[in-house]
Amino acid sequence: MKNKYSLFPGCISKNMYPSIEKSTRIVFDKIGIELLDHKYSCCPAPGVFRGYDRNTHMTLGVRNIVMASQDDVDVLTICNGCYGSLWEANEMFKKSKENQEFVNEMLGKIGLSYDGNTEVYHFADILHESLDKLKENKELDLGLRVAIHYGCHYLRPSAKHPDLNPEAPHIVEDIVEALGCESVDFKNKLSCCGAGGGVWSGAEDVSLKILDEKLGNVEEANVDCMLNICPFCHLQLDQGQAKLKKYKIPILHLSELIGLAFGVRPKHLAMHTHMVSTRDLEKKIKKAKRSKE
Amino acid sequence: MIGVFICFCGNNIGGYVHVPELTEYFNKKEGVIAFDTMFLCSEIGQNLIKEKIEELNLDSVVIASCSPKHHGGIFQACIGEKMNQFKWEFANIREQCAWVTPNKEEATEKAKAIINGAIEKAKLLTDIGTTKVSVTKDVLIIGGGIAGMHASLELSDKGFHVNMVEKKETIGGNMVRFDRIFPTDDCAMCTGSPLLADVAMNPLIDIFSLSEVTEVKGRAGEYIATVVKKPRYVDETKCTACGECTTHCPVEVWSEWDLEMGLRAAIYKPMAQAVPLKNRIERDSCIRCGTCENVCKAGAIMYDDEPREFKLTVGAIVVATGYDLVDLSNTEYHLEHPNVITGLQLERLKVPSGPTEGEILRPSDGKKPKHLLFVQCAGSRDRRHNVYCSKICCMYATKNARLIKAENPEMDITLCYIDMRTAGRGYEEFFDTAREMGIKYLRGNVSEIVPDGEDLIVRVEDTFANEPKAIKADLVVLSTGLIPSQGTRDMGTIIHLVSGADNFLAPVHVKIAPVDTANKGIYIAGTSESPKPIQECITDAGMVASRIATFLKDPEIEIELVTSKINPEVCIKCGTCADNCVYDAIETTGEFYKVLDVSCQSCGKCSVTCPTGAIDLSLYTEDQITRQIDGILASDRDSIIAFSCYQCGYNAADLAGTAKAKISPKIKVIRVPCSGRVTMQHMLYPFYKGAKGVFLAACLEGQCHYIDGNLQAKEKVALAKKSLDIMGVGGHKLNLFNMSSAEGPKFVAAAKRMVEICQ
Amino acid sequence: MSEDPYEIEQFKKILEDSKILSCVQCGKCTAGCPAGRQSRIRIRELIHLAQDGVDLKDDPSLWYCTTCYNCQERCPKGVDTTEAVIYLRNRAVRKGDHNFPPLHVTAIKSLRDKGDGFPLSPEVEKIRSIIGLPIRPDDLAHDEKYLKDFTKLIDELGILKLVENKDGEQ
Ligand SMILES: Cc1cc2nc3c(=O)[nH]c(=O)nc-3n(C[C@H](O)[C@H](O)[C@H](O)COP(=O)(O)OP(=O)(O)OC[C@H]3O[C@@H](n4cnc5c(N)ncnc54)[C@H](O)[C@@H]3O)c2cc1C
Ligand code: SF4
Ligand code: SF4
């Protein structure tokens, strides 16, 4: 495992949910992995850009990867959208000579080029490799009942993770359990939140209906919060509840949950910026058992 | 004088290659006389060959026609009438030339090169003799399912002594676990139990239960099999199967025989009709409490029983090791849910003597389901599991749906399918009545089964209505696809049978020799060959019995001496060949080293390892192969030579032809018995002569018919690549590709890759 | 023949790369589609129509796919269904589709001008500073030189021209 990555925070965590960026930085700092910053643009949002022009998407995605490759580090994403987007751009580039020529010709116009030697990672995988470090740094046994939402672009297309069974993953479950929480099963657990593919901005009614189905299933499971590994899912699950006006399920990004387990105060994570109040959750955490003195 | 006989094969060759041009061309060649005819395999064609051999006193013959896999035997016999049966070489200008080369000019040029190679090789052919060896009349049957049982009865009726080796505690296989059988709906046990009894009581059949074959050595007509019998912990000679032990045993665990639909004790027999009818202690669940020992009046309990190893000498072997179901746990079907079961588990629920006494009760709460749903093609016709159709599940699901509907008319039964495949006598009629009974057939492939408490939500599209649906069901049955059983898969390593891309055992020819394997005297029957209904297993078994009766009819069989020969003048007695020969076919005791003709399997690996070139394989000698290369390259200098193993790569190349795939005319196949026969010299020599590239088409790793030939070839290729690098030619122009005999597309891809690399 | 890969004939080739010819119309894709449950998108039908060479540029359902890849992941025949939808969208945009959503155009313009699809707002700047993050991230959006290059790159790629030209005229 490497101890240095370039952090690709993605638009949503930077510009809408800084709590996610902040907790990610804290968590990686504690487990001894250094995160560098680079001149990143939007990944670009695959739902919109790939849908309009695959080549534009690939080129802009590779431009981002080049930023990290210039410093000889790999890219660490904390969002399924960014992950899927950059991974796909990287794959398209690596797999075809024609694409390599196209991208390098385009990048050449702004003085850049790419050799295809940089990898794109999802933070959940890196954290899973660091389970021991997570346990070491854990201050609280949160004891929460958690509904895990993987999000589509982490699981699929499964070529991203040759070792992961997209129908029965357990990466996030392992992490959640290591933090002293219970992963609660619910109906259609691996289904979509409704935000991807440009549907969030393009067909809000459809997007919300998909979300409604998902949240209805989670509600039945009676959990303390719903956990995601993607700020875009996070946005949909959190803001979508405000639009649907039916549910009050607190939404946490995995970095936030780990931050809380590491004993960071919710206020320092800006949890109050969430649409759905996390107050009840915070109360419960206050009562959580300390796992070390 | 060499006679070249070229076949038009109607339009099959004539339509793609200018045959008359070939004839004219070769007639101009010194020492060669060429003829063409419409169908060389016909009586007219054969007579032509025979006449000309006699009339012109030919030295040897070249047959330019279809693949030798087709009519090689016919031509060999035909030529054998007039001269030594091995003094001919073939040129495969149909599958490997006409059918893969769309451009007629290019095809003709390629045919010239192929024939020229064959002529050069034919010049060096020598007489090869035959010898007679005695045979053992006993037969070994591995696997006691319906195929194995039926074959054993047929063979014993013909007077053969049969050894039946069965892995489980009883013979019978899968069929005896069913309730009824399609298409007649008669009870499986009513059919099965007389068979079981016949096998059990037949004096000519010895049954070894809980036993497995671990090794097979020897040769056709006299194979020596090592068998290991696992301990039963019950003395088979004493146990009366009274069942007192089972009643008292305190252990209760899931029963494997009932596929976890019911319980068993640690000491048990799987069914009342078990053969042998003996109890057995399953050690992992036994707690060693001593109860059974106390209650057994026969004193049959043997806690200290041990595995036993013994050898059987047999003339022929039948492999009937059957199938298993593909494992669908942790998939979108959620087989982990108690109320999602496989078709085989449903059979156990339906059997009157089974765990629920024939009642359909769902496992989670023992309640009768209101809505039962069948999921077809679960794990079949699906690139993620098995690409093939399992052939029988449409019928077995329909069978059980009908039976259950008849007994429970109020039950809602839905069957979701992609295509209903009910081809077979009486099958469509069977399906017709199912619909008339009110069973709903919904055309759509189930996407997922969503657990909803104890119930299930089945997501499926009604493709006729273009509407996705979520159907609530309280018991879901997966019509799970078939895969070769572990035992079937093991046959690849134990007796080196070749399997297809689907992992089922491959016959020598699917169409014309469906139960023969590449190993003489070894036959396959039943579902170890492919998914099929009982009826076809029985047909197979009958055919196998007949093939064996033919094979073993005389006290001796003739074997062809296409074997390795040692030249004592060059041999330095280093022993390398003997160390390398996996068949122990080299005798080192006498004054000279000698090849034991009956043991030699003709792989030719020895000739590759010999440091002095003293040992050589007849029909594929070092010089013959070299001359064949010369012949090809003299005709078309920048060819790519494809040494193709006759067990796999050669067949794959033929299949590419049958599929009319496109292959560059630069690719020229040279047949070798095994990729391990190809020497470094053969790999490098073509480059000296101007060839653009060389590749080996070898069996999949772990599936070499001669055990490790492809691995040896891999090493040689690595070395030769280095030499090519040093020579400045470039090691990348020499490659080895692994493929099974069924993988035509892999050969095409390999050829394409080589052309890309070498252009 | 036209060189435009999005002309229906050439486009067929592109879709064949997504292996649509392998489809057996089993419906597994539609059955598991989360968007299909809530809208009119029918992925199996789209593949069928595409196989037949039907022009789908005006089909509004193309824009309901959330690209969850459920269908593609499970397709027993290995059809890249989701990729096919993406190609169909690419073509619709070029060939004068009238359905693509206005907010997408906003996002594309925002990316060109600001480097982010969701740009930073003053409110969030404040929150960032409160929790101890740099007020403005050290990213492309906040670096003039990089942003200028980026805008140039997007203009070279010409995506904006595609969406401004809603009627498909060149
Ligand atoms: C749910 C279901 C229902 C079916 N219903 C019908 C039906 O109604 N009608 C019909 O015609 N067909 C039906 N079939 C198909 C039928 O089961 C097969 O055609 C038939 O049972 C195959 O018999 P077999 O002898 O080839 O293999 P098997 O029945 O699998 O027997 C193989 C035997 O070999 C043994 N074995 C395996 N490995 C070794 C080894 N290494 N050494 C020694 N022994 C070994 C096994 O223990 C087993 O006893 C059904 C199949 C299924 C799955
Ligand atoms: S037999 Fe029927 S259910 Fe079985 S794989 Fe073939 S088509 Fe599917
Ligand atoms: S799942 Fe695949 S094969 Fe089935 S209808 Fe959809 S695209 Fe076609």
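In this predicted model, an oxygen atom of ligand 1 sits 3.0 Å from a polar backbone atom of A147(B). Side chains of chain B take part as well. An oxygen atom of ligand 1 lies 2.6 Å from an N or O atom in the side chain of E166(B), and an oxygen atom of the ligand is also found 2.7 Å from an N or O atom in the side chain of Y323(B). Both of these residues turn up again when the surroundings of ligand 1 are ranked: 37 residues are around it, and the ones that come nearest are E166(B), Y323(B), K399(B), T527(B) and K532(B).

Ligand 2 has its own set of neighbours in chain B. One stretch of the shell takes in Q376(B), C377(B), S380(B) and R381(B), another runs through C389(B), S390(B), K391(B), I392(B), C393(B) and C394(B), and D419(B) and R421(B) complete the list. As for secondary structure, two elements of chain B, β21 (371-378) and α11 (393-407), each bring at least two residues to this shell. Sorted by class, the residues around ligand 2 come out as five nonpolar, three polar and four charged.

Moving on to how the chains meet, chain C and chain A share an interface in which 58 residues of chain C are in contact with 65 residues of chain A. About 5,400 Å² is buried between the two chains, and carbon and sulfur atoms account for 62% of that area. Charged side chains pair up here too: eleven salt bridges are found across the interface of chain C and chain A. One such pairing joins the side chains of R74(C) and E167(A), with an N to O distance of 2.7 Å. Polar contacts between chain C and chain A add up to 35 residue pairs, counting pairs with both residues at pLDDT 80 or more.

On the chain C side, the helices that each give at least two residues to the surface touching chain A are α4 (70-74), α5 (81-94), α6 (102-114), α7 (122-130), α8 (144-157) and α9 (159-164). The largest share comes from α8(C), with eight residues. In terms of residue class, the side of chain C that touches chain A is made up of 34 nonpolar, ten polar and 14 charged residues.

The backbone has a few oddities of its own. Most residues other than glycine have a negative phi, and most peptide bonds are trans. Against that background, two cis bonds deserve a mention. In chain A, the peptide bond from R156(A) to P157(A) is cis, with omega near -15 degrees; P157(A) belongs to the loop between α9 (152-155) and α10 (171-178). In chain B, the bond leading from F182(B) to P183(B) is cis as well, this time with omega near -5 degrees, and P183(B) is placed in the loop between β8 (180-181) and β9 (186-187).

Positive phi values crop up at two residues of chain B that are not glycines. L259(B) has a phi of about 55 degrees and lies in the loop linking β13 (253-254) and β14 (263-264). N466(B) has a phi of about 60 degrees, and its loop runs between β25 (455-462) and β26 (467-473). Is N466(B) buried or exposed? N466(B) counts as buried because its relative accessible area, 13%, falls under the 20% cut-off.

Methods:
Residues numbered from 1 in each chain as written. Chains lettered and ligands numbered in written order. Predicted model: local features only at pLDDT ≥ 70, side-chain atom pairs only at ≥ 80, totals over all residues. Heavy atoms only, no water. Helix = DSSP H or I, 4+ residues; strand = E, 2+ residues; numbered from the N terminus. Buried < 20%, exposed > 50% of the residue type's maximum accessible area, 1.4 Å probe, protein only. Near = heavy atom within 4 Å. Nonpolar A, V, L, I, M, F, W, Y, C, P; charged D, E, K, R; others polar. Contact = heavy atoms within 4.5 Å. Buried area = accessible area lost by both parts, 1.4 Å probe. Salt bridge = Lys/Arg side-chain N within 4 Å of Asp/Glu carboxyl O. Polar contact = N/O pair within 3.5 Å; in protein donor to acceptor, adjacent residues only side chain to side chain.
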